[in-house]
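Me: I've got a new model open and want to talk it through. Can you take a look with me?

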Amino acid sequence: MRVKKMSDKKISSEEKVRRYRKRQRILTIIGLTIFAGLVVMTFIMPGSVDEETYHPAVYSTIVAVVPPVAAIVLALITKEVYSSLFFGIIVGALLYSNGNLELAVNTMLYKEDAGLISKLSDQWNVGIIVFLILLGIMVALMNAAGGSHAFGEWASKHIKTRVGAQLSTMLLGVLIFVDDYFNCLTVGSVMRPITDRHNTSRAKLAYLIDATAAPVCIIAPISSWAAAVTSSVPDDSGINGFSMFLQTIPYNFYAFTTLIMMIYITVRKFDFGLMKVHEKNAMNGDLFTTPARPYGESGEDEPKDKKDGRPGKVIDLVFPIIVLIVSCIIGMIYTGGFFSGTGFVDAFADADASVGLVLGSMSTLLISFAFYMMRGTLTFKKFMNCIAIGFKLMTAPILILAMAWTLSGMTGLLGLREFVYDVVYRSAGSLHMFLPMIVFLVALFLAFATGTSWGTFAILIPIVCSVFGDPGTHQMLAISIAACLAGAVCGDHCSPISDTTIMASAGAQSDHVNHVSTQLPYAITAAAVSAVGFLIAGILGYYTENMTSLIALPVTLVLMIAVLILIEKREGRK
């Protein structure tokens, strides 16, 4: 038997290629069969195109989750995100068309709040795309000026280990808590040269960025996420949204378990799942593991030739980053009315993140232009060339974002939100004790399927407020809203079609599918422990009037550490 096992392991490269091609053919046949079946169904089923009363036959049923699930599964199997997302969009349009092929095409492209062109003409979405492009230009400028290289040289003298590089990435991610988009791209730009020098895989960098973006924003009182939660509380509920958000912080178990996990696996120097493969390869010099290089090779931050300007210094990276942080904060509070007399916290609560980030990044670009020109670090021609380079850098995340927004719109047309609403409301009547855990799991599922945590807040928070709106259930209200927030962040963290996940891939310049597939085992582990934490909190909150957070949070964190110890021992035995 031993000889047989050894011989089984010796598979030639030709055999591996043959098996891979066979698997690809099978998947292609399955995909084409599903697609053909959906097309036939649109012809067979009777259709109606009355805009006012129109509903697809599968409206508000479990079938509404098929498009995102199809896209996500296909992406994880084929390792190709563009065709997978497009396939999910086509599936959603065909299910919505209800027998009208022309309607399916129009839905996919032009349907209000769902079609691709409609999504790309939305003011909020265009603002995010412009912000991405401006950040890409800033990254290109800092590289061309030699700032990234100089900072990497400086950091190599002060950050001497892989553990130090990864802990520094976490610390910077925690400090930039204002907005998750801003967090992802800024942390990636600053830390990528350092983690590259210490042979940290791009997938691991993307995980560290993603895990300190939304999970940190959701427990930061001054952030765009706090504003989103506050605005989701119904006006007629009599509940102060911001005060309620503050009360949910000790119960947001997923945020805390994620932070504990990051620190533990970094300090203990162990990884599991696909991340372990990526980290092993990175230590041998391969930062990517797979052939995919969506952002090109990392050669843009090499030292500049003196004839193009003066050699870069650390200030060429640090100054624009500081200006960017300050400008974006000012831009956000400006949109919230701070300069018209509104308080700082209220200004953040009413801020328009899309507009504020664009104003901040545009101001930073103009200031950086003056800064580099005065220092003679870049020539005017080199500066202008960086605009095209920065736009090209962000082509991949923009394309993924556009299709992810469209796919999310398809689930809205199919009534996924209404389906989830009915499920949660029906279970709320008799399952008060278990409702926090149920809300957590439902929010996770909804955010994973739609790729939006803010949309999940808007759906579930009003339901929770209506169930626990009485003064006598105040503690259970805080626990259940915290469960909604934690589940939404977790689903957003896991989902390949989440904008934050896409931004993390862009910030780390990692292949998107690599980031998702390596992050999933970590996110699922933290989610499982958090679900137990919400079960404990629900039981304690049901039978006691206070002190729940003082018991539930420590127990959940201890359980997280115990699970990590068990995983580490299992990996050690392997």
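Me: Let's start with the outside. What does the accessible surface of the protein chain come to, and what percentage of that belongs to carbon and sulfur atoms?

Reply: About 24500 Å², and 65% of that belongs to carbon and sulfur atoms. Keep in mind that this is a predicted model.

Me: And the inside? What share of the residues counts as buried?

Reply: The chain has 574 residues, and 54% of them count as buried.

Me: How many helices and how many strands are there?

Reply: There are 28 helices and zero strands.

Me: What percentage of the contacts between residues at least 6 apart join residues at least 24 apart in sequence?

Reply: That would be 80%.

Me: OK, pockets. What's the volume of the largest one?

Reply: Roughly speaking, the largest pocket holds about 630 Å³.

Me: How many residues line the largest pocket, and which lie nearest its centre?

Reply: The lining has 29 residues. Nearest the centre are Lys-119, Trp-124, Asn-125, Trp-405 and Thr-452.

Me: Which helix gives the most to that lining?

Reply: H21, with six residues. That helix spans 395–413, and it is one of those that each supply at least two lining residues, along with H6 (116–120), H7 (123–144), H10 (180–197), H24 (453–467) and H26 (499–508).

Me: What's the breakdown of the pocket lining by class?

Reply: You get 12 polar residues, nine nonpolar and eight charged.

Me: Now the closed spaces. How many cavities of 30 Å³ or more turn up?

Reply: Searching the whole structure gives three of them. The largest cavity has about 60 Å³ of space. It is lined by 10 residues, and those closest to its centre are Val-139, Arg-192, Met-394, Ala-506 and Gln-509.

Me: Which helix has the largest share of that cavity's lining?

Reply: H10 does, with three residues. Both H10 and H26 supply at least two residues each to the cavity lining, and these two helices also each give at least two to the lining of the largest pocket.

Me: And by class, what lines the largest cavity?

Reply: Six nonpolar residues, three polar and one charged.

Me: Back to H24 for a second. Is Ser-453 buried or exposed?

Reply: Ser-453, which sits in H24, is buried because its relative accessible area is 4%, under the 20% cut-off.

Me: What does Ser-453 touch, leaving out residues up to four places away in sequence?

Reply: Trp-225, Ala-447, Ala-488, Val-489 and Asp-492.

Me: Changing topic: how many disulfides does the structure hold?

Reply: Zero.

Me: Why is there no bond between Cys-217 and Cys-184?

Reply: Because the two sulfurs are 8.3 Å apart, too far for a bond, when a disulfide needs them within 2.5 Å. Cys-184 holds the closest cysteine sulfur to that of Cys-217.

Me: Is Cys-217 buried or exposed, then?

Reply: Cys-217 is buried, at 0% relative accessibility. Cys-386 also counts as buried, with a relative accessible area of 1%.

Me: A couple of acidic ones next. Where is Asp-316 found?

Reply: In helix H17, which covers residues 315–335. Asp-316 is buried at 0% relative accessibility.

Me: Which residues does Asp-316 touch, not counting those up to four places away?

Reply: Met-142, Ala-145, Gly-147, Phe-371, Tyr-372, Arg-375 and Thr-377.

Me: And what about Asp-422, which helix does it lie in?

Reply: Asp-422 lies in H22, residues 416–428. It is partly exposed, with a relative accessible area of 34%. From Asp-422 to Ser-60 is 8.9 Å, C-alpha to C-alpha, and those two are 362 residues apart in sequence.

Me: Last one: why does Met-437 count as partly exposed?

Reply: Because its relative accessible area is 22%, and buried would need under 20%. Met-437 is in helix H23, residues 435–450.

Me: What does Met-437 touch beyond residues up to four places away?

Reply: Ala-531, Phe-534 and Leu-535. As for Ala-483, its C-alpha is 6.9 Å from that of Met-437, with the two residues 46 apart in sequence.

Key:
Residues numbered from 1 in each chain as written. Predicted model: local features only at pLDDT ≥ 70, side-chain atom pairs only at ≥ 80, totals over all residues. Heavy atoms only, no water. 1 Å grid on protein atoms, 1.4 Å probe; cavity = no way out; pocket = protein on both sides within 12 Å on 5 of 7 lines; lining within 4 Å. Points joined across faces, edges and corners; volume = space filled by probe spheres on them. Helix = DSSP H or I, 4+ residues; strand = E, 2+ residues; numbered from the N terminus. Nonpolar A, V, L, I, M, F, W, Y, C, P; charged D, E, K, R; others polar. Buried < 20%, exposed > 50% of the residue type's maximum accessible area, 1.4 Å probe, protein only. Contact = heavy atoms within 4.5 Å. Areas by Shrake-Rupley, 256 points an atom, 1.4 Å probe, with all protein chains shown as cover.
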